[in-house]
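These are my notebook entries on a structure that I had not looked at before. I took the chains in turn, then the place where they meet, and then a few single helices and residues.

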Amino acid sequence: MNRIVKFVILDILRNKIVLFYTLILAVLSWSVFNLEDNSTKGILSLLNVILLTVPLVSVIFSCIYLYNSAEFIELMLSQPIKRTKIWFCLFIGLVFSFVLSFVIGAGLPLLVYAPFDVGLIMILVGVFITAIFVALAFLSSVFTRDKAKGIGIAIMLWLFFALLFDGMVLFLLFQFSDYPIEKLMVVLSALNPIDLSRILILMHLDVSAMMGYTGAIFKHFFGTNLAISIVFVILLLWTIVPFLISLIKFKRRDL
Amino acid sequence: MIEINNLHKQFGKLKALNGINLSLNQGECIALIGPNGCGKTTLIKSILGMVIPTKGSIKVNGFNIEKTNLYREQIGYMPQIGRYPDNMTIGQIIEMMKEIRSTKRLPDEALMNKFLLPGMLQQRMHALSGGTTQKVSASLAFLFDPAIFILDEPTAGLDPLAAETLKEKIIEEKEKGKLILITSHLLSELDDLITQIIFMQEGNVLFHLSVVELLQSTGEIKISKAISNILKNTKS
């Protein structure tokens with residue numbers, strides 16, 4: 001198992017994209033914190049950047065990598081190795097490489113500039129977002145043999161979670177603005193890992209005081225330690241469930 | 001060694017395998033032949049567990065292949081078109097396979113050395129010619145001294161010299177009492193190797209005969225002629 005993971009990681013690191021990604025994250029993070037004199041503002045800017053780029057890069061790179069690994073998977077399958085193990089090793093390898101990039105690129109500056117608790121939550125959120133979108137890439141690549149289609153699905157997933165979902169929520173908010181739907185909003189946000197992460201971090205910054213009644217309800221819910229644990233459990237589910245579905249599918253797949 | 005029982009495989013509407021029953025024994029060198037798209041590669045991939053059968057069972061050394069993957073330790077597989085991770089070098093691929101197998105036995109590097117691969121270990125897989133890739137595939141299949149060889153078009157793409165080297169190696173292994181399953185289009189190449197012939201057509205096994213039987217029943221000296229003879233007879 002460890003050997004296969006090692007080969008996957010070496011293969012990914014040999015691909016310069018991951019190094020480039022680390023570098024970009026590092027440049028963005030350091031410059032954001034150096035440009036803003038207020039660390040809260042810095043965190044806010046970085047949050048938006050991270051919640052756009054991290055899912056995008058994770059989902060697309062992983063998806064392409066999986067299609068390109070068709071040969072590797074075939075080679076491994078002719079060896080005495082379980083299918084589930086191959087799939088799992090690929091997952092661990094990809095998640096590990098991207099988490100490493102994220103922690104080096106964005107994690108270090110966060111630890112230096114942000115308040116410790118917010119920085120830590122943000123790193124954890126980044127780690128989970130990475131894992132979730134790698135898992136979603138596994139899901140989209142296992143459902144179709146067509147590379148273009150698979151990558152298309154991956155991009156759609158990113159678009160949906162990063163942009164469309166917010167639009168839909170806003171639409172709901174305006175349509176039902178006369179009704180007390182704040183609690184529903186809390187539940188709805190659990191359906192999108194990106195939103196969930198964003199709210200979690202916003203609620204740990206002082207800006208939440210500016211967000212009116214909904215903000216207060218959110219703060220009331222997301223500010224507690226219990227809520228942090230619940231959020232991370234939901235994020236964990238978002239990682240495990242897509243991966244498990246892809247694993248079940250992969251076990252019965254013809255190569 | 002390999003028992004195949006009522007094997008069916010369907011890809012969507014296409015029936016690739018249509019109730020295959022075969023029994024392949026030790027010490028035989030079996031040619032699996034038939035027109036393009038007759039299900040040869042599907043059959044081979046089913047044995048390797050790459051294709052999941054719709055119906056039927058395969059047993060290797062008495063173990064149902066759905067239940068275990070350890071039987072693959074006993075199989076050396078050379079694919080028709082070897083596809084390898086582009087970024088890795090020949091040396092890395094061979095190292096990786098050795099690490100993954102982690103057998104105590106010494107690897108059989110004879111074929112690798114005859115193909116002069118040790119001098120090219122630094123080359124990356126994507127830069128290799130088709131023939132060299134085939135040499136790597138062949139070397140990997142023979143590396144772990146397995147009891148069963150499954151060779152899908154082994155000589156396609158190899159230069160005559162390399163093809164001859166590979167044939168010598170196959171004969172050597174056959175004499176050690178191993179089971180060798182070869183698919184090929186070029187029958188003349190196999191004349192001096194094989195002991196049995198399986199002819200497949202449209203997902204069915206048309207016949208499974210030993211070479212001696214085949215030649216006797218048709219009265220021909222060459223295998224290719226004998227087969228075309230049978231085919232003509234079955235058609236008319």
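Entry 1, chain B as a whole. I began with burial in this predicted model, and found that 39% of the 236 residues of chain B count as buried. I then listed the secondary structure, and chain B has eight helices and 10 strands. I checked the overall size as well: the radius of gyration of chain B is 18 Å, close to the 18 Å that the globule rule gives for 236 residues, so chain B is as compact as a globular protein of that length. Along the principal axes, the C-alpha atoms of chain B fill a box of roughly 55 × 40 × 35 Å. For the contacts in chain B between residues at least 6 apart in sequence, I noted that 69% join residues at least 24 apart.

Entry 2, chain A as a whole. I asked how many helices and strands chain A has. I found 11 helices and zero strands, so that the pattern along the sequence reads α-α-α-α-α-α-α-α-α-α-α, by the way helices and strands are assigned. Of the 255 residues of chain A, 39% count as buried. A compact globule with 255 residues would have a radius of gyration near 18 Å, and the 19 Å of chain A agrees with this. The box that the C-alpha atoms of chain A fill, taken along the principal axes, is roughly 60 × 40 × 30 Å. Among the contacts in chain A between residues at least 6 apart in sequence, 79% join residues at least 24 apart.

Entry 3, where the chains meet. I looked up the contacts between the two chains, and 19 residues of chain A are in contact with 19 residues of chain B. Which elements give two or more residues to the side of chain A that touches chain B? They are α1 (2–14) and α4 (70–77) of chain A. I sorted that side of chain A by class, which gave eight nonpolar, three polar and eight charged residues.

Entry 4, helix α1 of chain A. Since α1(A) had come up at the contact with chain B, I looked at this helix by itself. At 1.5 Å a residue its 13 residues should span 18 Å, and its end C-alpha atoms are 18 Å apart, which agrees. The buried residues of α1(A) are A:Ile4, A:Phe7, A:Val8, A:Asp11 and A:Ile12. Why do they line one face of the helix? Seen down the axis of α1(A), these buried residues fall within an arc of 130°, so they line one face. I kept in mind that an α-helix has 3.6 residues a turn, so residues three or four places apart point the same way. On the other side of α1(A), I found A:Asn2 and A:Arg3 exposed. The buried residues of α1(A) pack against α2 (16–35), α3, α4 and α5 (83–113) of chain A, together with α2 (90–101) of chain B.

Entry 5, helix α7 of chain A. I next took helix α7 (residues 147–175) of chain A, whose 29 residues should span 42 Å at 1.5 Å a residue; its end C-alpha atoms are 39 Å apart, which agrees. Following α7(A) along its length, I noted a bend of about 45° at A:Phe160. The buried residues of α7(A) include A:Gly150, A:Ile151, A:Leu157, A:Trp158 and A:Phe161. I looked up what the buried residues of α7(A) pack against, and found α3 (39–68), α6 (116–143) and α9 (193–202) of chain A.

Entry 6, loop residues of chain B. I turned to B:Asn61, in the loop between β4 (55–60) and β5 (63–64) of chain B, where phi is near 55°, a positive value in a residue other than glycine. With 14 C-beta neighbours inside 10 Å, B:Asn61 counts as partly exposed. B:Glu153, in the loop between β7 (148–152) and α5 (160–175) of chain B, has a positive phi of about 50° although it is not a glycine. B:Glu153 counts as partly exposed, with 19 C-beta neighbours inside 10 Å.

Entry 7, B:Gln74. I ended with B:Gln74, found in the loop between β5 and β6 (75–78) of chain B. Is B:Gln74 buried or partly exposed? With 17 C-beta neighbours inside 10 Å, B:Gln74 counts as partly exposed. Leaving out residues up to four places away in sequence, B:Gln74 touches B:Val60, B:Asn61, B:Pro146, B:Ala147 and B:Ile148. B:Gln74 and B:Asp145 are 71 residues apart in sequence, and 8.2 Å apart in space, C-alpha to C-alpha.

Conventions
Residues are numbered from 1 along each chain as its sequence is written. Chains are lettered from A and ligands numbered from 1 in the order in which they are written. This is a predicted model: local features need pLDDT of at least 70, side-chain atom pairs count only at pLDDT 80 or more; totals for chains, interfaces and linings use all residues. Two residues are in contact if their C-beta atoms, placed from the backbone, lie within 7 Å. Ala, Val, Leu, Ile, Met, Phe, Trp, Tyr, Cys and Pro count as nonpolar, Asp, Glu, Lys and Arg as charged, and the others, Gly among them, as polar. The expected span of a helix is 1.5 Å times one less than its number of residues. The bend at a residue is the angle between axes fitted to the seven residues ending there and the seven starting there. A residue is buried if 20 or more other C-beta atoms lie within 10 Å of its own, exposed if 12 or fewer, and partly exposed in between; C-beta atoms are placed from the backbone. The radius of gyration is taken over C-alpha atoms; the globule rule is 2.2 Å times the number of residues to the power 0.38. The arc is that of the directions from the helix axis to the C-beta atoms.
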